[in-house]
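Visitor: I'd like a close look at one part of this protein rather than a tour of everything. Could you pick a spot and walk me through it slowly?

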Amino acid sequence: MKFTLSWLKHHLETTASVDEIAETLTDLGLEVEGIENPAARLADFTIGKVLKAEKHPDADKLRVCEVETDQGTRQIICGAPNARAGITVVVAHPGTYIPGIDTTIQVGKIRGVESQGMMCSEREMELSDEHEGIIELPSGKVGARFIDWLAENDPAKTDPVIEIAITPNRPDALGVQGIARDLAARGLGTLKATETDPVPGTFPSPIGVSIDADTLDGCPLFVGRVIRGVKNGPSPEWLRDLLKAIGLRPISALVDITNFFTYDRNRPLHVFDADKVEGDLRVHLAKGGEQLLALDEKTYTLEPGMMVISDDRAPESLAGIMGGEESGVTADTVNVFVESAYWKPITIALTARKLKINSDAKYRFERGVDPAFTPVGLEHATRMIIELCGGEPSEVVTAGAVPGDTRAFRLDTDHVQSLVGMSIPADRQRQTLSDLGFTMKGDMAHPPSWRPDIQGPADLVEEVARIASLTKLEAKPMRRTQVGVPKPILTPMQKREQIAKRTAAALGYNECVTYSFIDEAAARLFSGGTDATRLENPISSEMSHMRPALLPGLLQAAARNQARGFADMALFEVGAVFHGGEPEEQHTLVSGLLVGRTGPKDVHGASRSVDVFDVKADAEAILAAIGAPAKAQILRGTSEWWHPERHGMICLGPKKVLAVFGEIHPRVLSAMDVKGPAMGFTIWPEEVPQRRSSSATRDALALNDLQAVERDFAFVVDADVEALALVNAAAGADKTLIDGVRLFDEFIGGSLGEGKKSLAITVRLQPTDSTLTDKDIEAVSAKIVDKVGKATGGVLRG
């Protein structure tokens with residue numbers, strides 16, 4: 001919404017500056033998006049007088065002028081045809097920025113003759129498109145500022161333009177009067193009365209109006225009148241300047257008048273050429289298939305149910321959106337029918353969206369205009385048309401009636417303190433609402449017809465607080481619900497999620513937040529994409545299903561980064577995944593993804609491709625941080641999107657899976673367009689057992705004063721035996737004494753023969769009661785050999 005300062009002062013008696021008005025508007029909730037102040041860009045230009053103008057010695061079209069300025073007499077080279085002695089001009093001294101040519105003028109030589117400034121045309125100063133010659137002022141004192149001369153002689157060219165953002169709940173601010181009303185309520189001025197007496201008709205209207213019964217819901221009121229004998233010429237200069245200042249193109253007096261009231265009072269109007277209307281005008285619903293050539297010179301095919309205004313021949317206007325070209329006014333128009341109607345917002349919005357039309361009328365009607373001002377707006381427009389175009393008005397014809405408004409809400413003056421936290425005197429609250437147009441009857445506030453957003457007592461409090469200024473709200477600490485140290489706010493699971501995020505970030509991962517919706521193809525790669533997780537109304541085909549895992553989103557992020565030249569990535573996400581539409585079918589996971597190399601290449605050769613053991617270590621670090629037991633098994637046999645030979649499950653037993661890590665299956669990487677290999681992990685925080693003690697303190701550090709013992713074993717097994725099976729078997733030989741098992745060597749070939757290999761492990765024994773004797777060690781060793789033999793068929797290597 002744009003308006004000029006002078007336009008605002010037509011409705012508001014104020015001495016406030018542009019900056020004060022802008023600051024107040026933003027504080028009132030009408031955020032100022034920009035201010036165009038012509039005076040600011042013209043501040044450095046001054047008035048001068050040409051004393052002498054002679055032909056340039058080396059150019060036929062240039063003149064060497066001696067110009068009297070505020071800095072003395074200066075020599076200026078000018079190529080304008082009207083440059084001559086005796087004229088008063090606008091001078092730009094060296095160092096002045098010329099907005100029309102985007103240049104800062106400097107002292108320079110033109111064909112060997114020095115020029116010490118510039119005499120400007122209107123286009124060079126962005127005052128108009130005129131550039132046939134330099135500006136010739138009819139008056140002006142040498143050395144005076146040009147903007148001061150403009151303010152006195154042509155104020156429209158120094159009129160600041162303010163642009164504000166309008167929220168959907170404030171349609172009243174789409175008129176300059178509504179903006180002025182808010183400022184007056186704040187105390188920045190006094191609202192001027194702009195009422196007008198009805199214009200009496202001198203003859204019955206030859207054009208009648210009607211509304212079909214099935215259309216009254218969409219158009220409760222339609223009024224109009226004929227004005228005959230008008231002269232549709234150019235608008236007066238003041239009106240053209242107003243419209244051009246806000247970015248509208250002046251067309252003709254009749255059209256410009258309707259545009260003026262659209263912005264001045266938020267009252268869109270339409271003017272028909274009465275001689276082109278056959279019979280009466282009827283508001284009705286389209287049957288479908290009708291066509292209308294609109295004022296934007298486009299032909300629209302109407303769908304059933306769209307509201308239109310038709311004469312006895314055909315549709316003449318898209319109701320509340322845009323008029324028709326065939327019945328539009330031209331320079332030859334002498335008789336007009338002026339229409340003012342109230343259209344329900346939802347019907348206008350639906351029609352405009354289907355036809356893809358955006359107009360000033362549509363923008364206002366879909367937000368809601370003042371229904372009570374519908375007949376009054378017609379009277380205002382009639383008076384201006386007669387003043388500017390002449391003519392004789394008919395009697396007003398009316399169909400329907402102004403919709404009733406029975407809204408009334410009780411103003412609880414104490415509610416402001418409890419709801420907003422501001423202390424505002426009761427009489428000030430009532431006065432604020434009265435200033436905004438509310439009718440106060442005791443404690444009952446009746447909202448004005450131009451405020452459809454007021455729908456309850458809380459809205460009254462909002463208006464009072466808004467006008468009082470929320471910047472005056474003082475921050476106060478909330479009262480504690482209990483004495484002493486407050487209880488934790490986060491649940492144990494929320495705390496785990498927080499710890500997991502911090503740990504992953506500390507390990508060098510970057511957090512991703514991806515959509516919970518993915519496409520069906522990606523979901524099927526991760527055992528999803530079923531009807532149970534399909535969305536009924538998806539945003540797009542690429543967001544048709546709830547995600548069954550976090551890895552699809554991370555892989556899509558990796559693919560986008562690889563496409564932009566980022567090959568090495570460490571990404572993680574903590575979020576919900578879904579296996580159905582019920583609450584119990586939602587789970588929280590922690591997933592990470594490694595792609596590329598561990599770091600940039602260097603002379604030491606430390607950089608290498610990421611592998612399974614990188615994600616294994618990271619998964620174990622996160623599990624340890626969220627409180628998982630230190631002792632866990634590594635087992636095989638997870639989902640099909642993992643590499644069948646390069647993955648592992650971190651378990652507390654065969655059925656208690658805490659995490660999965662490994663290489664992503666090449667088939668999945670190919671489908672997701674990721675250049676592999678890629679390593680990932682997924683953790684189930686909910687599966688990690690809760691601490692038995694609810695104390696906030698840590699458990700006491702348990703240190704053993706008994707020396708640990710390490711023993712090495714080398715087993716000969718079949719070549720297809722997994723090292724993991726051997727390690728798990730050895731660890732299970734004596735869970736009390738064995739503290740850890742680590743694989744440190746693999747040997748194939750030599751005297752072992754075909755189909756055999758040797759796996760060497762280190763077993764750490766940690767006694768708890770007494771120092772281990774040789775007999776104890778031999779007993780545990782025998783258990784290890786026996787357990788490995790039964791599990792893998794392995795024998796000690798001789």
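To start, in which sense do S36 and S37 pair, and over how many bridges?

Guide: Happy to. Keep in mind that this is a predicted model. S36 and S37 run antiparallel to each other, with seven bridges between them. The backbone gets from S36 (642-653) to S37 (656-664) by way of a hairpin of two residues. Look for Gly 653, which sits opposite Lys 656 of S37.

Now go to the other partner of S37. That is strand S38, residues 678-683, also antiparallel, and here there are five bridges. One pair to click on is Val 660, whose bridge partner in S38 is Thr 682. As for burial, seven of the nine residues of S37 are buried, so the rest of the structure largely encloses this strand.

Next, the open space. The largest pocket holds about 1400 Å³. Its lining counts 45 residues, and those closest to the pocket centre are Lys 616, Ile 634, Leu 724, Val 727 and Asn 728. S36 gives the largest share of that lining, with eight residues. S37 is also one of the elements that supply at least two lining residues each. The others, besides S36, are helix H17 (612-625), strand S35 (633-635), helix H19 (723-731), strand S40 (738-748) and strand S41 (756-765).

It helps to put the domain assignment on top of this. Domain 5 is given as 492-687, and domain 6 as 709-796. If you colour by domain, you can also check the spacing between domain 6 and domain 4: their C-alpha centres are 81 Å apart.

What about nonpolar packing? A core of 28 residues includes Phe 526, Met 649, Ile 664 and Leu 669, and lies apart from the largest one. The largest nonpolar core has 104 residues, and the members touching the most others are Leu 25, Ile 164, Phe 222 and Trp 343. As a general background, nonpolar side chains tend to be buried together in soluble globular proteins. For a sample of that packing, take Leu 25: beyond its neighbours within four places in sequence, its contacts are Phe 3, Leu 30, Glu 31, Val 32, Ile 162, Ile 164, Ile 179 and Leu 183.

So, back where we began: S37 pairs with S36 over seven bridges and with S38 over five, and S36 brings eight residues to the lining of the largest pocket.

Methods. Residues are numbered from 1 along each chain as its sequence is written. This is a predicted model: local features need pLDDT of at least 70, side-chain atom pairs count only at pLDDT 80 or more; totals for chains, interfaces and linings use all residues. Side-chain values use heavy atoms; hydrogens and water are left out. A nonpolar core is a set of buried Ala, Val, Leu, Ile, Met, Phe, Trp, Tyr and Cys residues joined through side-chain atoms within 4.5 Å. Buried means under 20% relative accessible area, exposed over 50%, partly exposed in between (1.4 Å probe, protein chains only). Contact means heavy atoms within 4.5 Å. Domain bounds come from an automatic or database domain assignment. On a 1 Å grid over the protein atoms alone, a cavity is a set of points where a 1.4 Å probe fits but cannot get out, and a pocket is an open set with protein on both sides within 12 Å along at least five of seven lines; lining residues have an atom within 4 Å of a point. Grid points are joined across faces, edges and corners, and a volume is the space filled by probe spheres set on the points. Helices (H or I, at least four residues) and strands (E, at least two) are DSSP runs, numbered from the N terminus. Two strands pair if DSSP finds at least two bridges between them.
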